[in-house]
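Biologist: Could you take a close look at one helix for me and then set it in its surroundings? I'd love a walk-through that I can follow with the structure open.

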Amino acid sequence: MPRNTRGAPWVRTRLRTAPWSAVAFGVLVLVTAFLAAVLPRAVEAYETDGLREAVATAAPGSTVLELRAPQPGLERPDEARADEVRPEALAVVDRAARALLPEPLRADPAESAYGLRTGKSLEGLDASLPRPDGLPPRFTLFAQSGAAGHATVREGRLPAAGASVTEGTRVVEGAVTAETARTLRLRAGSTLTLAGFPDGPLTVRITGVLEPRHPQRSYWSAEPVLRTPALSSDNARPPRYYWEAGVLLAPGAAPALLGGQGEPEKYWRFAPATGRLTAADASALVDAVASLEDGPGLVRMRGAAGPTAQLSTGLEEVVGAYTETREAITPVVAVAACGIAAVAVIVLVMSGGLAAARRDAELALLRARGASLGGVAGRLLAESAVPAVPAAAGGLLLAVLVVDGARPLPSVLGASAVALLACAALPVRAVVAHRRPRAHQERDDLAHARPGGRRTVAELTLLVLAAGSVTALRRRGTDGAGDLLVSAAPVLVGLVAALLLVRLYPLPLRWAAGPAGRLRGVVGFLSLARAGRSPAAVATLPLLALLTALTTAAFGGSVLTGVADARDRAALLETGADARIDTADGAPLPAGLARAVRDVAGVRQVTAVGVGFASERAPDDTPSLMVVGVEPDTYAGLARRTGLGGFAAERLRAGGGVLDAVASPEVAERLGRAPRRIWTDGGAVTVRITAVRPATPAVPEGEFLLVDAAGLSGFGGPARLLAAGAAIDAKALRAAVRGAGSNLSVTLRAEERAALADSPLQAGAERIYVWAVAAGAGYALLALMLGMLRSAPERAAMLARLRTLGLTTRQGRHLLGLEALPPALLAAGGGLAAGWATVGLLAPGIDLDRLALAGASGVTGPQGAVLRADVWSLSLPAACAVLLAGAVAVAQAWWAGRRTPITHLRAGDMR
């Protein structure tokens, strides 16, 4: 055929015919590809951040890799022994050992160090040194490298040592930290006389007092005694205490330690560098540490440091704790990810199905004129690929720009899967619908459609899968990451609910059509008739997508609400109120503190409590019963405000020599409800329990007995102040407390709650659920819009015909609004029911403790973090769907009313 007789290219013609549809389809693919590409990157990013923070924030003594070797053998010449511990020789071993660290272990040069130390502390002989129980202090000596780069000299200078230091040297220079100097009464110019040398004590001349630049990092904290002195006890009964401290010597003074009984040992400390660690390195880290501690890695290290060298670290325990938390959180996140993926797939398939339904007459005509299935499918594939492939590539690029530092392969696979599905949805749906050429289209409206046997089998299969998924999740929880069936439980429940509603949808339409037909107006009957005459495919696909999206959004919102409630509960149990002020030693609160706290912005209620102990049986028994003295009116109000065991103030009244009391369940069971005598520090008191509460603000967890403080004679003054209020000014509160007295600690509920969400693992998982809620709500609204826009030309043409028959503009608006109401109400009600049922069915198997709390699970009390249906998460997306359906119908009626009927009545124009 000549070139000029072939006609216009198919793809170009179709895109020019419906450009806005192509743009909308491209935007849908762009957003979906972005979600598919960014989700694995976001998960890997927060897991990587979690691993890095776990290693970086753990105690340096737990994460540092310490290679140790004993002092050189006594059979060697003294000069050779001294040369082996000099800084030059130790530096050679340090470089060699650092190069032998297996991947992914890497040393941080800034925080690593090496040197010689005394494995056994040496006794200080100076009488001026403090002796708490008459025992002299003991000192550990460190000839450690790098002091100049890790400390600021506050007094004096850094210690120095010449090349003349040998094993027989008995006078060396040293430095101590400011905290050590303050505790042990040292300063520049002081001397320490240390025992443990055969030919006379070792004298350490203190030349400087140092201030560590980063005291919490590995250089100073791998061996905490170097930074901060600590009290140690002997084995006597009762124990006696003495000071343990560290002294930093010049690296060149190491040979002097060889002549004593301090069991000197060489050491090389390697602080792990976290900047290049990724989540995928967790298992490799554990394997590398195992090899270094007792494996091939240790053999190689001994080749550099000596045949008896040993390497020790607690890094594998830190990584193991991180891995345990990650494995507990991952299955919960997989539920959200599966929900997002399922909703996205359904909406993409729905877009292809709606496009095929819109062009059904066109495709039927092509098949009737001899077009092959392959030819039609190929053209539709090319037509879909033109907007879909660039949009998917754009989504992938956007995901890479948004989340950096993750592996590219999962993102590429996700975006490619979206592109493939988007390209294949329309041609596959068209091929299935037009396998055989047909002369006319049979009636396929929703009210008269009859499900076939294949559909019934598919629905029963889905029902069995959903039942198995829910059963498995309830029985064994989310343990066992990677179980797709368990992760898909919310989606499967939503799909089953959607299919059930699709089967039941025609029934109310048929029941309502009869009474509506007997009304005087035609609007009600026409709206129900139009709703029932919608094509089954056009009505089913949006409903399926809408129900699944609403279920996903409701489940995700309920998870977020459960996490927030658990954190609120844990913070409340930690503080007992919105703010708590305690004295450091249990002494009474200073006068005027309550007034100063009450004047702080945000404080609404203040009450002081005193805590003491009483014996239950005899005055000479060990006091074991916690007695809390309170002011009844203010304390009862605070208890009701916080929700911790609220009670009426009358429960704590006194009369007839008997104090009414509120007790915990265990105390009430022991004491009974009859008057009972107990013995406090002020004497015997008779109490009668009038109410039982599981917790109280003064004692959020544990046993207690609340009484009126005015009825306790000899009871010490209150030592704790509790405050309640909204948005308490933390800075002003601490300033008021400092102004009232010293040795007071302030604990705020808001700060405790914020600390529970510090972990990158938890924050990242929470973001995934936020995305799940947003994606579910967004896809739900998109499904509704696509379904309504698909039938917009038909509704406009129908409205134009009715206008030529006398239908008013107002009646047209009512007609379109009422026509959109049944499917919108069905979707909203079904979404509410499906979301509520999903949360109720799956709640026993979802463990939110690790996701909600930074510490170990179980700190929120007996109930823990419980998944409950959240009213807002259920109702808000459903209400938005109904409002959007009504708004679209009204807008379409308004737009159609502005145009002439002839515009909508052109034959065959269904664009």
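Modeller: Happy to; we start with helix α14 and then move outward to a few other places in the chain.

Please keep in mind that this is a predicted model. The protein chain has 31 helices and 22 strands, and α14 covers residues 408–433. With 26 residues at 1.5 Å a residue, helix α14 should span 38 Å, and its end C-alpha atoms are 38 Å apart, so the two values agree. Even so, α14 has a kink of about 35° at A424, shortly before the proline P427.

Which residues of α14 are buried? They are S411, G414, A415, V418, A419, A422, C423, A425, L426, P427 and A430. An α-helix has 3.6 residues a turn, so residues three or four places apart point the same way. If you click through the buried positions of α14, you will find that they pack against α2, α11 (315–358), α12 (360–368) and α13 (373–402).

One of those partners, α2, is worth following. Helix α2 runs over residues 19–57 and holds W20. W20 is exposed because its relative accessible area is 71%, where over 50% is the cut-off. Together with V23, V27, L30 and V31, W20 makes a nonpolar surface patch of about 490 Å².

For a contrast, go to H150 in helix α6, residues 147–150. H150 has a relative accessible area of 12%, so it is buried, the limit being under 20%. Apart from neighbours within four places in sequence, H150 touches A110, E111, P212, R213, Y219 and W220.

Some loops also deserve a glance. Between α5 (87–99) and β2 (113–118), the loop contains P104, which is joined to E103 by a cis peptide bond with omega of about 5°. R185 is not a glycine, yet has a positive phi of about 60°; you will find R185 in the loop between α7 (178–184) and β7 (191–194), exposed at a relative accessible area of 60%. A727, also not a glycine, has a positive phi of about 55°. The loop holding A727 lies between β21 (720–725) and α24 (730–740), and A727 counts as exposed at 74% relative accessibility.

Finally, the whole chain. Of its 911 residues, 49% are buried. Among contacts between residues at least 6 apart in sequence, 80% join residues at least 24 apart. The chain exposes about 41,600 Å², with carbon and sulfur atoms supplying 58% of that area.

Terms used
Residues numbered from 1 in each chain as written. Predicted model: local features only at pLDDT ≥ 70, side-chain atom pairs only at ≥ 80, totals over all residues. Heavy atoms only, no water. Helix = DSSP H or I, 4+ residues; strand = E, 2+ residues; numbered from the N terminus. Buried < 20%, exposed > 50% of the residue type's maximum accessible area, 1.4 Å probe, protein only. Contact = heavy atoms within 4.5 Å. Patch = residues over 30% accessible without salt bridge, like charges linked within 9 Å, V, L, I, M, F, W, Y side chains within 5 Å. Areas by Shrake-Rupley, 256 points an atom, 1.4 Å probe, with all protein chains shown as cover. Salt bridge = Lys/Arg side-chain N within 4 Å of Asp/Glu carboxyl O. Expected span 1.5 Å × (residues − 1). Bend = angle between axes of the 7 residues up to and from the residue.
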